[in-house]
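The following exchange is intended for a reader who meets this structure for the first time. Please keep the sequence and the model in view while reading.

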Amino acid sequence: MNSSVLDRINFLRAEIERHNQHYYVLDAPLISDVEYDQLFRELQHLEAQHPELQSPDSPTQRIGASPLKSFAEVVHRTPMLSLQNALSEDEARAFDTRMVQALGEAEIEYAVEPKFDGLAISLTYEQGVFKQGATRGDGSFGEDVTQNLRTVRTIPLRLHRNIPFIEVRGEVLMMKRDFAELNRQQGESGEKLFVNPRNAAAGSLRQLDSRITAQRHLSFFAYGVGAVTGETLPTTHAAQMTFLHELGFPVPLERRVVKGIQGFLAYYHAIGAQRPSLPYDIDGVVYKVNAIAQQEHLGFVSRAPRFAIAHKFPAEEALTTVLDIEIQVGRTGALTPVARLAPVFVGGVTVTNATLHNEDELRRKDIRIGDTVSVRRAGDVIPEVVRVLLEKRPPDAREFVMPQQCPVCGGQVSKQADEAILRCSSGLYCPAQRSGALLHFASRRALNIEGLGDKIVEQLVESEMVHTPADLYNLSLKKLAALERMGEKSASNLLGAIERSKSTTLARLIYALGIRNVGEATAKELARHYATLDNFMQADSESLQAVSDVGPIVAQSIVSFLSEPHNREVIAQLRNAGLSWNKTEQAGDISHTLPLAGKTFVLTGTLSGMSREEAKEKLEALGAHVSGSVSQKTDYLVAGDEAGSKLTKARALNVQVLDEQQLLQFFHI
């Protein structure tokens, strides 16, 4: 091959990406569309003639690839956390007060930027080349949407510097002009219009056919770094944003650095005034402590950083009439009253339904059928009734009475002492809860049925092939292969996964039942205490509260679940289907006999020989308690590669730190 061909291909790739950045990122095109198309076609032609020179970072990879059958799961190296919200200036001031007190400074320097109304994603690059993109998911696990993200022209396929590894986090969204054009095209072709840019972006990003995504003109803005190796990052958030821009990522031009509460409130009001003229939708602004060292000192609380907060804009309101009130049964069995409204345009969409949350909220606001109400889109997303205009109440306005039985399945309805929500107790049987029950049953920490995801469950439920988890074990190859996008090989693989799930543990089975308030740790304690399924199913509230981690509320949840005949019937069907687990010879709490009983471990960083979840399961099997945070009660911290703030805290508290090899020694006790 002539070296001039390779030189020409490399030149074209670099030139096309340069023009992509000027057109899509800088909004300052250097050449006409015709000239750009000529360059692109020449590159396509040369790569077709020399397939050995094709590369994943070529601009030609942005046109989309063959459809996927489903999205693979991605484990985030470090969790993708959500931000806490401030819904008023008082809450924003309280955030600043907390920062001042925690850092011991009179005035804090903040990095401030718009809060995009899009979808959070993670991008990973190796040796400067884009390798993988994933959605936030639940923060720990996301979906692999790499093929779709390759089509987003504002995402660089190759960075301007050859960094060994970097994970960049940001937001995928749709510009207002692209949204208007997409809906124009949808209207002309007689297809459904999208409600708003965020919905359009979400639907486009989760297309199994990336060629459709490529036609939707999505955009991307970076807002931070998740992890990096082989590179020293700047010491402030603002400088890191500039660093990302230098690598080729779009970052918001409206970002600023301000001092103290007056600084970020002035920014909030300034951006609020600009909001209608911005090229994209925002629903607030984000305040972050600028110094990275101070961020690390502040750390995290629950699933959110302490050093940052999203100050949301007030939701828009409009007046309409309550035509009726109906009950919606959710995937977790929650009975939610929903107001059916006379159509009203609010917050950029036409609203016909609004949540009334629960019975207590319904009574507190005194909402009746026939009332004139003020409606807003809470957080710019979920419509809710704000208040009733009592002066406009008609004489025939009717009160709504919550049902005593589930309107979907007729099961028992109950309310726990710590909740305002009524729930249906027929979790394994209720049609409204089928999809949720099946997905939970098949999840990795439950029965771990690989390949049984949202789309397949949706088809199984809609076709009425599966009503309860027990029906999974009666599926045939012929029935499964007939599902959309399935095929005989995929159906066979799924049947194999279902068959393998029959061999499980009692703890996994209890967790898989989806009993309200019974998480993974509680299920393990129940399995240890009762040892057999029969013992567990005969438990009463008093004996349940003798189990570690089980109090009156959890006990009530378990008793309500096991008293429902439909649930007991499904459990019997599961046993008849062949589910089995190792039986303990006698009942009773056996955890004290295990070698690591009473010891608390914390895992951090990346382990090379196993996942953290595998390590956790092995430690718990030896009787250890595995916590998510370091405290004075922690006995051991297991530190893998790229251990972060937990390692620093463990050393400060004189907690014994183990490496992976030392951890393995515990498994050979």
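The questions and answers below concern a predicted model.

Q: In what order do the strands of the five-stranded open sheet stand, and which strands are at the edges?
A: The pairing in this open sheet is mixed, and the order of its five strands is 2-13-10-3-9. Strand 2 (85-86) and strand 9 (256-259) each have a single partner strand, so one side of each is left without a neighbour in the sheet. The strands at the edges are therefore strand 2 and strand 9.

Q: In which sense do strand 3 and strand 10 pair, and which residue stands opposite Lys115?
A: Strand 3 (residues 109-116) and strand 10 (residues 282-289) are joined over seven bridges, and the sense of the pairing is antiparallel. The residue opposite Lys115 belongs to strand 10 and is Gly284.

Q: Across which strands does helix 3 lie, and at about what angle does helix 3 run to strand 13?
A: Helix 3 lies across strand 2, strand 3, strand 10 and strand 13 (308-312). With respect to strand 13, helix 3 runs at about 165 degrees.

Q: Across which strands does helix 9 lie, and at about what angle does helix 9 run to strand 9?
A: The strands crossed by helix 9 are strand 3, strand 9, strand 10 and strand 13. With respect to strand 9, helix 9 runs at about 140 degrees.

Q: At roughly what angle do helix 3 and helix 9 cross, and is the crossing left-handed or right-handed?
A: Two packed helices are described by the angle and the distance between their axes. For helix 3 (residues 89-103) and helix 9 (residues 260-274), the axes come within 10 Å and cross at roughly 145 degrees. The crossing of helix 3 and helix 9 is right-handed.

Q: Which residues of helix 3 and helix 9 meet, and how many of the residues in the contact are nonpolar?
A: From helix 3 come Glu89, Ala92, Arg93, Phe95 and Asp96; they meet Gly260, Ile261, Gln262, Phe264, Leu265 and His269 of helix 9. By class, the contact has three polar and three charged residues, while the number of nonpolar residues is five.

Q: How many residues of strand 4 are buried, and how many bridges join strand 4 to strand 7 and to strand 5?
A: Strand 4 is mostly covered, with seven of its eight residues buried. Strand 4 runs antiparallel to strand 7, and Leu123 has Val168 as its bridge partner there. The pairing of strand 4 with strand 5 is also antiparallel, and Ile121 stands opposite Thr135. The bridges number eight to strand 7 and six to strand 5.

Q: Which residue takes a positive phi in the hairpin of strand 4 and strand 5?
A: This hairpin has two residues between the strands. The residue with a positive phi, near 50 degrees, is Gln127.

Q: Why do the buried residues of helix 6 line one face, and within what arc do they fall?
A: The buried residues of helix 6 (residues 197-205) are Pro197, Ala200, Ala201, Ser204 and Leu205. Seen down the helix axis, they are confined to one arc, so they line one face of helix 6. They pack against elements including strand 4 (119-126), strand 5 (129-135) and strand 7 (165-173). The arc is 125 degrees.

Q: What is the order of the four-stranded open sheet, and by how many degrees are neighbouring strands turned on average?
A: The four strands are in the order 24-23-25-26, with parallel pairing. Strand 24 (625-627) and strand 26 (656-658) have a single partner strand each, so one side of each is left without a neighbour in the sheet. Direction ignored, neighbouring strands are turned against each other on average by 30 degrees.

Q: Is Thr522 buried or exposed, and at what relative accessibility?
A: Thr522 is found in helix 17 (residues 520-530). Leaving aside neighbours within four places in sequence, Thr522 is in contact with Asn517, Asp549, Val550 and Val554. Buried means under 20% relative accessible area. Thr522 therefore counts as buried, at 9%.

Q: Where is Asn517 found, and what is its relative accessible area?
A: Asn517 lies in the loop between helix 16 (506-512) and helix 17. Although Asn517 is not a glycine, its phi is positive, at about 75 degrees. Asn517 is partly exposed, and its relative accessible area is 32%.

Terms used. Residues are numbered from 1 along each chain as its sequence is written. This is a predicted model: local features need pLDDT of at least 70, side-chain atom pairs count only at pLDDT 80 or more; totals for chains, interfaces and linings use all residues. Side-chain values use heavy atoms; hydrogens and water are left out. Buried means under 20% relative accessible area, exposed over 50%, partly exposed in between (1.4 Å probe, protein chains only). The arc is that of the directions from the helix axis to the C-beta atoms. Contact means heavy atoms within 4.5 Å. Axes are lines fitted to C-alpha atoms, for helices over the stretch in contact, and angles run from 0 to 180 degrees between N-to-C directions. A crossing is left-handed if the near helix is turned anticlockwise from the far one by less than a right angle, and right-handed if clockwise. Ala, Val, Leu, Ile, Met, Phe, Trp, Tyr, Cys and Pro count as nonpolar, Asp, Glu, Lys and Arg as charged, and the others, Gly among them, as polar. Two strands pair if DSSP finds at least two bridges between them.
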